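Got your viewer open? Load the model below and we'll walk through it one selection at a time.

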Amino acid sequence: MNAAGQPEFPNDIVEGRATESLPILDRRSRWAIFWLLIICSVAVMTARLWQIQKVSYDRIVPFLSANDRSRWCTIRALGDHDTYAIDEVLQGEGGRSWDTIDKVMHWGRDYRPHFYSSKPTLLPTLLTYPYLAIKSLTGWTLADNTFDVVRWMLLICQILPLIIFFLAVGRIGELVAVSDWTRIFLMALATFGTYVTTFAVSLNNHIPAVVCVAVALLVVIQIWKRLSRHWIWYFFAGLLSAMATANELPAASFMAVAMCLCFIRAPLKTLFGFLPGTFIVGAAFAWTNDTAHNEWQLAYAHRQDGEVVAKIKGSFAEDLNDGKLPDGVANAIKRDRADLSDDWQQTVRVVAGGWPDWRQEPDQRWIIYFEQRNEPIVVAEPARGGFVEIRRFSNWYEYPGSYWLSGNVNKSTVDLGEADPWRYLLNLTVWHHGVFSLTPVWLISIFGIFTMCVSSQYRLRLLGLGVLAISIVVFVFYVTRPIEDRNYGGLCCGPRWFFWLAPLWIVAMIPALDSIRDSRLWKLFALALLGISIASASFAWSNPWVHPWLYQWLNLPQ
């Protein structure tokens with residue numbers, strides 16, 4: 001940086017236009033404006049936080065959706081009962097108000113069935129420590145002082161960390177942007193113009209991911225500008241990008257791009273700095289999941305039957321539908337399950353399977369429950385008939401009363417899934433859940449990415465191609481998911497799975513904003529897009545877990 005606070009290489013962004021015609025603010029004046037925006041944003045989020053409440057089973061609670069309740073259940077179970085199983089939370093006093101559809105059931109280490117949150121375990125495990133600190137200092141518990149604990153934890157763990165996101169955006173603007181117009185625009189966008197701040201009043205994984213991506217991106221930019229040469233910065237880049245991935249699985253694409261950029265700059269520092277940072281997070285992620293579920297595989301992965309252990313010729317549907325266990329099936333189960341006692345058939349229950357199967361010719365399925373301390377087993381008759389299969393039980397979302405059963409008539413329309421992937425892509429981009437229709441300011445990022453990709457500066461080309469590749473990977477990942485996962489993120493005010501891309505798209509728009517800094521007409525157009533985005537993000541400030549305003553305006557099915 002020079003004495004005026006301008007980048008040393010401004011032509012990296014706008015070639016041939018290194019100065020602007022408008023008066024240039026000094027760095028102190030710019031940051032005074034930045035802090036004004038930051039303080040206003042934090043104040044508004046805090047005021048909103050102290051107003052949150054929702055009625056759940058005739059009880060007022062500070063939880064706004066099943067999504068955040070799911071994580072709070074794990075935090076309370078760990079902090080109060082030292083277990084990941086949430087049974088005591090659900091069954092305790094006022095337990096119904098803590099219930100959530102985002103839970104799974106499987107057999108624990110005690111060979112008994114237990115409910116668990118379906119969310120990845122690392123984040124709620126980390127959040128348990130601030131809860132224990134609050135509990136130790138004040139005596140408050142989530143059971144008895146629910147509102148107090150939730151409010152202070154959200155302030156400490158979500159709103160205050162967003163200040164780091166804002167500061168990272170300000171610093172990136174200082175390093176990369178040419179004009180004060182661009183830098184101030186970026187800060188206004190970060191503090192008020194995205195759905196990131198909308199979700200600050202509800203516990204979620206998106207805000208930690210945004211903060212990690214923003215800081216990791218700043219570190220990588222500093223590494224490329226040779227402002228951060230020590231290996232510790234490579235370690236931080238790896239640690240933060242891995243933490244982003246732990247909160248948003250598709251952020252693995254960002255981690256891969258960040259690692260490649262670091263490797264190009266300094267291979268040895270990447271090997272001995274970046275990679276150890278990722279390994280630490282990966283080990284913690286695997287360890288917490290194994291502690292909770294007795295395996296490394298995520299709960300999300302348990303949506304289908306396990307391996308086939310036996311096949312039996314014949315059709316047994318009539319007996320199984322009557323709740324009877326045919327001898328041929330019973331003998332096959334006994335051969336596979338040596339842990340069963342001799343009289344196990346006297347207490348067995350045969351229940352028709354209800355987990356949705358999206359194939360055109362679904363199997364008939366039955367769940368065999370044992371009264372003994374044994375995991376159930378699945379009997380399935382394929383549509384083509386002629387035989388039945390004995391399968392391991394692995395449908396953790398399949399339990400009596402599960403919201404996700406195919407026969408649930410109360411399931412939300414969005415949770416039924418969008419059958420047409422092309423329509424899903426359209427809705428996710430420019431229609432009722434659209435990234436660009438709900439936050440139109442991201443249209444500037446598209447132009448910025450194009451400007452970067454055709455730049456003669458190889459550093460800009462690499463950054464532009466990286467952001468483009470990451471964005472494509474994320475869209476492809478969600479559009480190609482199975483139909484049950486093509487649900488727009490459930491009941492929420494925006495395309496929440498894309499929120500963590502905000503730091504990348506903010507950086508991507510810098511060339512576009514710098515290129516229009518002398519055009520009053522184009523700046524008015526950019527400000528209009530920002531204004532619409534701010535209004536869109538503000539629509540659901542009282543509760544982000546509602547349908548987008550565009551979805552409601554179109555009067556689409558609830």
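One definition before we start: strands here are DSSP runs of E at least two residues long, numbered from the N terminus, and two of them pair if DSSP finds at least two bridges between them. Keep in mind, too, that this is a predicted model.

**Stop 1: the β8–β9 hairpin.** Select residues 377-381, which make up strand β8, and add strand β9, residues 387-392. These two run antiparallel, paired over four bridges. Click Val-378 and look across to β9, where Arg-391 is its bridge partner. Now go to the turn: five residues sit between the strands, and Gly-385 takes a positive phi near 70°.

**Stop 2: the other neighbour of β8.** Add residues 364-369, strand β7. β7 also pairs with β8 in the antiparallel sense, this time over five bridges. For a landmark, pick Ile-368, which stands opposite Ile-377 in β8.

How many of β8's five residues are buried? Five of five, so call the strand mostly covered, with buried meaning under 20% relative accessible area. Colour by face and you'll see that both are covered: Ile-377, Val-379 and Glu-381 are on one side, with Val-378 and Ala-380 on the other.

**Stop 3: a charged network.** Select Asp-305, Arg-365, Glu-389, Arg-391 and Glu-398, which a network of salt bridges links together. You've already met Arg-391, as the partner of Val-378. Across the whole structure, a search finds 17 salt bridges; the next stops visit some of them.

**Stop 4: Arg-30 and Asp-180.** Show these two side chains, which meet in a salt bridge at 3.2 Å, N to O. The pair links distant parts of the chain, with Arg-30 in helix α1 (residues 27-49) and Asp-180 in helix α6 (residues 180-192), 150 residues apart. Both residues are buried.

**Stop 5: Asp-80 and Lys-135.** Here the closest N and O atoms of the salt bridge are 2.8 Å apart. Asp-80 lies in helix α2 (residues 66-81) and Lys-135 in helix α4 (residues 122-138), so this contact ties together parts 55 residues apart in sequence. Buried or partly exposed? Asp-80 is partly exposed at 24% relative accessibility, and Lys-135 is partly exposed at 26%.

**Stop 6: Lys-119 and Asp-102.** Finish with this salt bridge, at 3.7 Å from N to O. Lys-119 is in the loop between β4 (113-117) and α4, while Asp-102 is in the loop between α3 (87-91) and β3 (103-107). Lys-119 is buried, with a relative accessible area of 9%, and Asp-102 is buried at 11%.

Methods. Residues numbered from 1 in each chain as written. Predicted model: local features only at pLDDT ≥ 70, side-chain atom pairs only at ≥ 80, totals over all residues. Heavy atoms only, no water. Salt bridge = Lys/Arg side-chain N within 4 Å of Asp/Glu carboxyl O. Buried < 20%, exposed > 50% of the residue type's maximum accessible area, 1.4 Å probe, protein only.
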